[in-house]
Amino acid sequence: MQPAIDLRGLSVTFPTPSGPVHALRDVTLSIEPGTVFGFLGPNGAGKTTTIHTLLGFLEPTAGQAFVFGQESTATIARERIGYLAENPDTYTFLTGRELLTLTGKLFLLGPAVIRERADRLLDDTALTGAADRRIAGYSRGMRQRICLAQSLMNDPDLLILDEPTGGMDPLGRMEIRRLITARKAAGKTVFFSSHELSEVELVCDRVGIVAGGRLVAEGATADLVKPGQSLERYFVDLVTAAAARTEGVP
Amino acid sequence: MKRAWIVSTIVWYEMLRRKDIYVLFIMLAALLVVMIALDVFGLGQVTGYVKDIGLLAAWLLGWILAISTSIRQLPQEETRGTIFPLLAKPVTRWELIVGKWLGVWVVVLTAVLMFYLTIWGVVVLKGGAFNPLTLLQAYVLHAIALAVLVAIGIALSTRLNADAAAATAYVLTGAAFALAPRIPVLLAVTPGFRGMLLTGLYYLLPHFELFDLRRRLVHDWGSAGGVAMAGVILYGVLLALGFLLLAWIGYRRKRFSRGDLL
């Protein structure tokens with residue numbers, strides 16, 4: 001079976017006026033289908049760069065990124081991906097139902113499938129009552145939920161969540177946890193980037209920790225964290241050590 | 001290209017709901033009221049005068065609408081962050097460019113059609129008439145010119161922010177409207193290197209005057225020949241396609257900079 005995500009020596013460098021910035025350095029990672037993978041790292045570690053490369057927004061400077069065996073820059077790779085951005089924003093001039101319908105059309109789904117999925121997702125995200133109101137009138141939480149519903153319109157085999165719980169209230173976080181559990185039960189893969197270590201500990205089968213653009217640890221949570229140690233302690237120790245090691249490396 | 005069509009429908013929703021297009025209609029309505037009411041130098045009953053002013057207004061308003069709406073399409077997707085969920089779907093950047101172009105073009109075409117119908121109504125009210133075939137030809141060529149203008153706006157906005165793209169587009173297309181038809185006259189009195197520069201400019205600038213049949217309509221010169229029409233349409237289609245290709249080249253590897261990508 002093809003890995004859901006396969007990164008091979010992935011490096012991304014941004015040219016800047018003050019010299020090149022190495023956002024990712026030689027990241028190699030393979031995630032099997034059906035895994036809930038937590039992708040952790042401090043700010044500026046390379047989490048969003050990795051996600052943007054997986055989605056084909058960025059081309060690798062070196063190495064390759066594959067999604068279900070397809071090169072990440074290929075349009076076909078995105079047919080099986082659902083993506084919820086950090087601080088998601090959307091077309092506020094549309095109604096919730098229009099947004100989901102247009103999303104379904106972009107995946108070339110048939111009208112009956114679009115109608116059925118839109119109704120179900122609106123129901124799942126408690127937005128049925130607001131479905132025909134413009135998103136401009138939605139609260140922040142409602143906007144996050146409609147963006148989440150949008151990311152599920154194609155029933156993706158790989159769901160990429162970039163800091164999905166940032167700014168969410170406890171109920172919203174619980175909703176995200178419930179969603180991730182449901183995706184896993186359906187055999188789908190979830191790639192979950194987060195600062196919220198407690199959330200990651202609760203829902204993820206495996207975690208990867210990135211610091212300074214390098215993947216510094218990867219494995220099952222139970223294998224990485226010693227008994228009696230928290231994931232948070234492990235993360236802080238690892239990232240601090242990685243920062244000390246890479247200091248001075250251009 | 002089905003996805004390009006779907007992207008274009010997003011543009012239609014936005015333009016209809018943002019309501020800024022209605023401001024132009026109000027401006028046109030105000031202009032027409034003035035045209036109907038005014039009787040400058042006793043010319044109020046001369047329908048040629050009404051046609052001339054009305055068609056000039058349609059060209060000016062179409063030009064403003066085409067540039068002002070096309071240049072903001074891509075930059076606003078980036079600044080509000082909607083580019084990320086959009087391109088996370090199986091939409092290619094070429095489909096995005098074509099979808100945005102098509103969306104703006106159809107809205108501007110519809111607005112200009114309303115202008116033409118309104119002008120036609122005023123002319124009829126004043127007891128005048130248009131040659132229907134010439135009016136249709138004028139509208140078709142105007143539509144092709146708008147396709148080129150929208151493609152220029154989209155192409156400039158792939159690499160410039162909305163303000164810079166607007167300024168550049170207005171200067172470039174304004175110069176093309178005003179200067180290109182006069183270059184042959186200027187060449188007669190501009191020898192040497194400057195003449196060569198002018199010749200180069202003549203071939204570089206889009207020739208929007210070719211799409212402008214206003215004088216034929218105003219002076220009732222009759223319709224244009226089929227071969228000339230086909231030639232001008234082909235020229236316009238190639239120009240629009242060329243600018244769309246430029247837009248794609250400028251956009252296909254573009255990195256987006258909302259927030260910190262690291």
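I take helices as DSSP runs of H or I with at least four residues, numbered from the N terminus. The model is predicted, so I accept local features only at pLDDT of at least 70 and side-chain atom pairs only at pLDDT 80 or more, while totals for chains, interfaces and linings use all residues. Residues are numbered from 1 along each chain as its sequence is written, and chains are lettered from A in the order in which they are written.

Entry, pocket. I looked up the largest pocket (on a 1 Å grid over the protein atoms alone, an open set of points with protein on both sides within 12 Å along at least five of seven lines; lining residues have an atom within 4 Å of a point). Its volume is about 480 Å³. I find 17 lining residues, with B:Phe177, B:Pro181, B:Glu209, B:Asp212 and B:Arg214 closest to the centre. In chain B, α3 (47-79), α7 (162-179) and α10 (214-218) each give at least two residues to this lining. The most, four residues, come from α3(B).

Entry, cavities. A cavity is a set of grid points where a 1.4 Å probe fits but cannot get out. I searched the whole structure and noted four of 30 Å³ or more. The largest cavity has a volume of about 90 Å³. Its lining counts 14 residues, and A:Tyr91, A:Leu99, A:Thr103, A:Gln150 and B:Leu86 lie nearest the centre. Two or more lining residues come from each of α2 (96-106) of chain A and α4 (83-87) of chain B. I credit α2(A) with the largest share, four residues.

Entry, B:Leu117. I placed B:Leu117 in helix α5 (residues 93-125) of chain B.

Note on methods
Heavy atoms only, no water. Points joined across faces, edges and corners; volume = space filled by probe spheres on them.
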